[in-house]
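Trainee: I have a new structure to read and do not know where to begin. Could we go through it together, feature by feature?

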Amino acid sequence: MKNILIIGANGFTGRQLLNDLSIHKQYNVTGCSLHPDIFPTPDKAGNYHFIETDIRDVAAVKDLFKEVHPDVVVNCSALSVPDYCETHHEEACLTNVTAVEQLAHLCEEYKSRFIHLSTDFVFDGRMNEHTGQLYTEEDVPAPVNYYGFTKWKGEEKVARICSNYAIARVEIVYGKALPGQHGNIVLLVMNRLKAGQEIRVVSNQWRTPTYVGDVSNGIQLLIENTTNGIFHICGDECMTIAEIAYQVADCMNLDRSLIRPATTEEMKEATPRPRFSGMSIEKAKTILGYEPRKLKKVLFDWKLL
């Protein structure tokens, strides 16, 4: 039985992974978060242990590893709001770089496989904006904001320190959120349109939307596969944020006329974002057998629930 430690287990992706792994008997799962378990009810689907820990606290993290003795550590935690990171450099660096470095050293000490989640925001999008060529794991990062910079530096720490690791870059993850979790673009569009409210979405930024269940599946494949390196664990459709919004409206039979597309310049975003950050999943498909679902398929199944 493998001891699995999920850091950031209250978050959107971390909770999905916690729920999915804890129903499997071959895993002994521990969730970890800065705050208490957001779902501490006795009727949860799986069985797991939950430990409240601040990963920025070196002594606390050492105690966490001593208690869990993890075979695999999955780090889903991050300070991931670009606007906040842009004005809070020290805090962003502490969470996204320094804490990750500490986790990497402990994984090496305990001979744990370290699966670290990263982001498409390590890329600037400038090279591929006009060609539409998807980024591969071999492309060199060049972030345009501080959030992307810290995630890139975190990746470098993991690759330098760990002898058994995988970096899973994810992108614009969507799905149903639990109370207290951050929303996502699909939920935001759905809720606004259901309420009959207009929504403004950017029309010239391209992303690869990814269902949270597919991220969980990809991470499970990385738990069982011992290959080291970077893997893009995302969807296989590259589209603008506006196109995502229109698909949501059409699939859920909502009023698409309420969607107001606007260019990056018109949105006047406080923090720069890459224009094009679509990522190729060919490596994950070939090595892991990773197969994500289409946005329309997820929305159709969602509608049936």
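Mentor: Begin at a turn of the backbone: Asn-253 takes a positive phi of about 55 degrees, just after helix 8. Keep in mind that this is a predicted model.

Trainee: How many residues of helix 8 are buried?

Mentor: Buried means under 20% relative accessible area. In helix 8 (residues 241-251), 8 of the 11 residues are buried, so by that cut-off the helix is mostly covered. Among them are Ile-241, Ala-242, Ile-244 and Ala-245. Gln-247 and Cys-251 are also on the buried list.

Trainee: Now the sheet. In what order do the strands lie?

Mentor: Read a sheet by its order and its pairing. Here 7 strands make an open sheet with parallel pairing, in the order 3-2-1-4-5-6-11. Strand 3 (49-52) and strand 11 (229-232) are the edge strands, each pairing on one side only. From one strand to the next, the twist averages 20 degrees.

Trainee: Which helix packs on the sheet, and which strands does it touch?

Mentor: Helix 7 (residues 212-224) does, touching strand 1, strand 2 (27-33), strand 4, strand 5 (113-119), strand 6 (165-170) and strand 11. The direction of helix 7 makes about 150 degrees with that of strand 5.

Trainee: How many bridges join strand 1 to strand 4?

Mentor: Strand 1 (residues 2-7) and strand 4 (residues 72-75) run parallel and are joined by 4 bridges. For one position, look at Leu-5, which stands opposite Val-73 in strand 4.

Trainee: Take a single residue in strand 2, Thr-30. Is Thr-30 buried or exposed?

Mentor: Thr-30 counts as buried because its relative accessibility is 6%. Next, list its contacts, leaving out residues up to four places away in sequence: Thr-30 touches Ile-4, Leu-5, Ile-6, Leu-18, His-49, Ile-51 and Val-68.

Trainee: How far is Thr-30 from Tyr-147?

Mentor: Their C-alpha atoms are separated by 27 Å, and the two residues are 117 apart along the chain.

Trainee: What about the surface? Which residues form a nonpolar patch there?

Mentor: Ile-38, Phe-39 and Leu-178 form one, with about 200 Å² of accessible area together. Leu-178 is in the loop between strand 7 (173-174) and helix 6 (185-194).

Trainee: Why does Leu-178 count as partly exposed?

Mentor: Partly exposed lies between the 20% and 50% cut-offs. Leu-178 is placed there because its relative accessibility is 30%.

Definitions and conventions: Residues are numbered from 1 along each chain as its sequence is written. This is a predicted model: local features need pLDDT of at least 70, side-chain atom pairs count only at pLDDT 80 or more; totals for chains, interfaces and linings use all residues. Side-chain values use heavy atoms; hydrogens and water are left out. Patches are made of residues with over 30% relative accessible area and no salt bridge: like charges are joined within 9 Å, nonpolar side chains (Val, Leu, Ile, Met, Phe, Trp, Tyr) within 5 Å. Accessible areas come from the Shrake-Rupley method with a 1.4 Å probe; for residues, only the protein chains shown count as cover. A salt bridge is a side-chain nitrogen of Lys or Arg within 4 Å of a carboxyl oxygen of Asp or Glu. Helices (H or I, at least four residues) and strands (E, at least two) are DSSP runs, numbered from the N terminus. Buried means under 20% relative accessible area, exposed over 50%, partly exposed in between (1.4 Å probe, protein chains only). Two strands pair if DSSP finds at least two bridges between them. Axes are lines fitted to C-alpha atoms, for helices over the stretch in contact, and angles run from 0 to 180 degrees between N-to-C directions. Contact means heavy atoms within 4.5 Å.
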